[in-house]
Amino acid sequence: MSARLPVFPLGTVLFPGLVLPLHIFEERYRALVRHLVALPEGAPREFGVVAIRAGWEVAPAGPPGRFGLTAGEVTLHEVGCTAELRQVTELADGGFDIVTVGRRRFRLAEVDHSAEPYLTAEVEWLPEPGGPDETADLLAARVISVFRQYLGLIRPDQQEISEQLPEDPTVLSHLVAATAALTVDDRQRLLAIDDTAARLRAELRLLNREAALLRQVRAVPVPLSELAGLPAPN
């Protein structure tokens, strides 16, 4: 099943269920927000967020073409996630502050650079897991344990966050992917995985990798150059 969506290229990866606030200042994306707000009551107010593989979020300075960014100036990843518009605040300068929530994953089929001031694309919806999955449940328990250890290395007081970790394996997999200090490429690979169990397995590897790096950094002695600046003992 396919659909046509407005597309918002960003330097980040959005996951289903995660909140994404945005400050809208470019005219082409102001037009996108106005289009969404003007939709009939009950119509889905959502657009596709796709991470940028190469290029810029903001159109380059100088005289723009008719629609600002051209096809050669930005390259997008293949898999993205829709952002559902939940809150809109219009600003005095004509811009907007908006709050969106990730909803469903898709794969880009064909991008149109000329139909609207903003990008639009034909997209194919990606499958989401349905029903219980014993393997995913077992992996989720392991991910929660490792993620808590990881949070303990990067945040001194992670108890409150740990207690709020979701038990649903799919929701957990999206939360971990969005919260851990991963690269855009790491997050993009996780978003593209259709199977929850496979995503959780990948996250276990990434969390163990990141935790090992954090422990190694903590174990490195203080450089002599820093010790030279310490006050002498009395």
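**Strand S6 and its neighbours**

Okay, let's start with one pair: Leu85 has Thr100, in strand S6, as its bridge partner. Before I go on, this is a predicted model, where local features need pLDDT of at least 70 and side-chain atom pairs count only at 80 or more, while totals for chains, interfaces and linings use all residues. Numbering runs from 1 along each chain as its sequence is written, and side-chain values use heavy atoms, with hydrogens and water left out.

By strands and helices I mean DSSP runs, numbered from the N terminus (E, at least two residues, for strands; H or I, at least four, for helices). Two strands pair if DSSP finds at least two bridges between them.

So, who pairs with S6? Strand S5, residues 79-90, does, antiparallel, over 10 bridges. These two make a hairpin with five residues between them, and Gly94 in that turn has a positive phi of about 95 degrees. S7, residues 119-125, is also antiparallel to S6, with six bridges, and here the hairpin has six residues in between. Then there's S2, residues 19-24, joined to S6 by six bridges, again antiparallel.

Now follow Leu22, which stands opposite Ile98 in S6. Both are among the residues touching the most other members of the largest nonpolar core, which has 48 residues. A core here is a set of buried Ala, Val, Leu, Ile, Met, Phe, Trp, Tyr and Cys joined through side-chain atoms within 4.5 Å; buried is under 20% relative accessible area, exposed over 50%, partly exposed in between, with a 1.4 Å probe and protein chains only. Helix H2, residues 134-154, gives this core the most, nine residues.

There's a second, separate core of 12 residues, including Phe106 and Trp125. Those two stand opposite each other, with Trp125 in S7.
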